[in-house]
Amino acid sequence: MPTKKKPQVTAAAVRRGELLNTAAEVFAEHGYNATTVRRIADHAGMLAGSLYYHFDSKESMLEEILRTFLDELWGGYDTVLAAGLGPRETLEALVTESFREIDRHRAAVAIYQKESRQLVAQDRFAFLAESQRRFERAWLSTLERGVAEHVFRSDLDVRLTYRFVRDTVWVAASWYRPGGQHSPEEIARQYLSMVLDGIAVRATQHEEHSEKSVHSDHSG
């Protein structure tokens with residue numbers, strides 16, 4: 001049986017990726033509005049006119065940066081959400097996947113955090129709003145399922161918890177650097193140990209609920 005050939009990566013595609021990585025770092029450091037094509041070209045060691053050979057505008061560069069990040073993020077999230085895991089395991093997997101994306105696309109995450117509120121007003125970046133809605137639905141449904149299944153505390157404010165977890169995780173893009181002392185998985189594990197100790201049902205509460213369930217079954 002013939003093996004499927006891998007697509008060839010051209011030098012132009014490699015160069016395009018390098019330029020996008022450079023642009024992402026510049027956008028993240030200086031802000032989108034303050035960044036000019038010339039500034040990106042200077043960081044890339046080329047003339048501004050040469051940059052237009054690859055991209056027609058800085059808007060095109062930013063759109064590709066954010067779409068690439070979000071496409072990868074949702075590829076990972078959708079796999080987690082389709083896996084049929086329990087609510088705690090789903091939450092753990094989503095947090096871990098988030099830190100992996102920060103590792104892969106730290107600058108893009110920083111841009112998303114800083115700029116998305118202004119960008120969504122532009123038709124070109126309307127996809128950001130849809131991604132935010134999907135993101136919220138995924139996390140809220142996981143938390144709500146955890147409360148309903150008595151995995152998370154019954155008095156949990158799921159929307160407040162969602163905001164806390166979301167902001168706690170994604171703010172890491174402001175300090176995280178790939179290749180550091182801790183892997184994304186290790187950072188996720190440390191974050192989860194802090195978060196879940198606060199929202200998981202305590203053993204005594206779980207036992208009380210189990211006893212009530214048993215009494216209820218017998219009384220029926």
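This briefing covers two neighbouring positions in one helix, Glu115 and Ser116, and the helix packing around them. The model is predicted. Glu115 belongs to helix H6, which spans residues 106-119, and Ser116 lies in H6 as well.

**Glu115**
- Glu115 is buried but forms no salt bridge.
- The nearest side chain of opposite charge belongs to Lys114, at 6.8 Å; that is not a salt bridge because the cut-off is 4 Å.
- The Glu115 side chain does reach a backbone atom, the nitrogen of Tyr32, at 2.9 Å.
- Once neighbours within four places in sequence are set aside, Glu115 is in contact with Gly31 and Tyr32.

**Ser116**
- Ser116 has a relative accessible area of 8%, so it counts as buried, the limit being under 20%.
- A polar atom of the Ser116 side chain lies 2.7 Å from the backbone oxygen of Tyr112.
- Not counting residues up to four places away in sequence, Ser116 touches Ile111, Leu128 and Gln132.
- Ser116 and Ala126 are ten residues apart along the chain, and their C-alpha atoms are separated by 9.7 Å.

**Helices H6 and H7**
- The axes of H6 and helix H7 (residues 127-148) come within 9 Å of each other and cross at roughly 115°.
- The crossing of H6 past H7 is left-handed.
- On the H6 side, the contact is made by Tyr112, Ser116 and Leu119; on the H7 side, it is made by Leu128, Ser131 and Gln132.
- Ser116 is thus part of this helix contact, and Leu128 and Gln132 are among the residues that Ser116 touches.

Terms used
Residues are numbered from 1 along each chain as its sequence is written. This is a predicted model: local features need pLDDT of at least 70, side-chain atom pairs count only at pLDDT 80 or more; totals for chains, interfaces and linings use all residues. Side-chain values use heavy atoms; hydrogens and water are left out. Helices (H or I, at least four residues) and strands (E, at least two) are DSSP runs, numbered from the N terminus. Buried means under 20% relative accessible area, exposed over 50%, partly exposed in between (1.4 Å probe, protein chains only). Lys and Arg count as positive and Asp and Glu as negative; His and the chain ends are not counted. A polar contact is a pair of N or O atoms within 3.5 Å; within protein, one must be able to donate a hydrogen and the other to accept it, and residues adjacent in sequence count only if both atoms are side-chain atoms. Contact means heavy atoms within 4.5 Å. Axes are lines fitted to C-alpha atoms, for helices over the stretch in contact, and angles run from 0 to 180 degrees between N-to-C directions. A crossing is left-handed if the near helix is turned anticlockwise from the far one by less than a right angle, and right-handed if clockwise.
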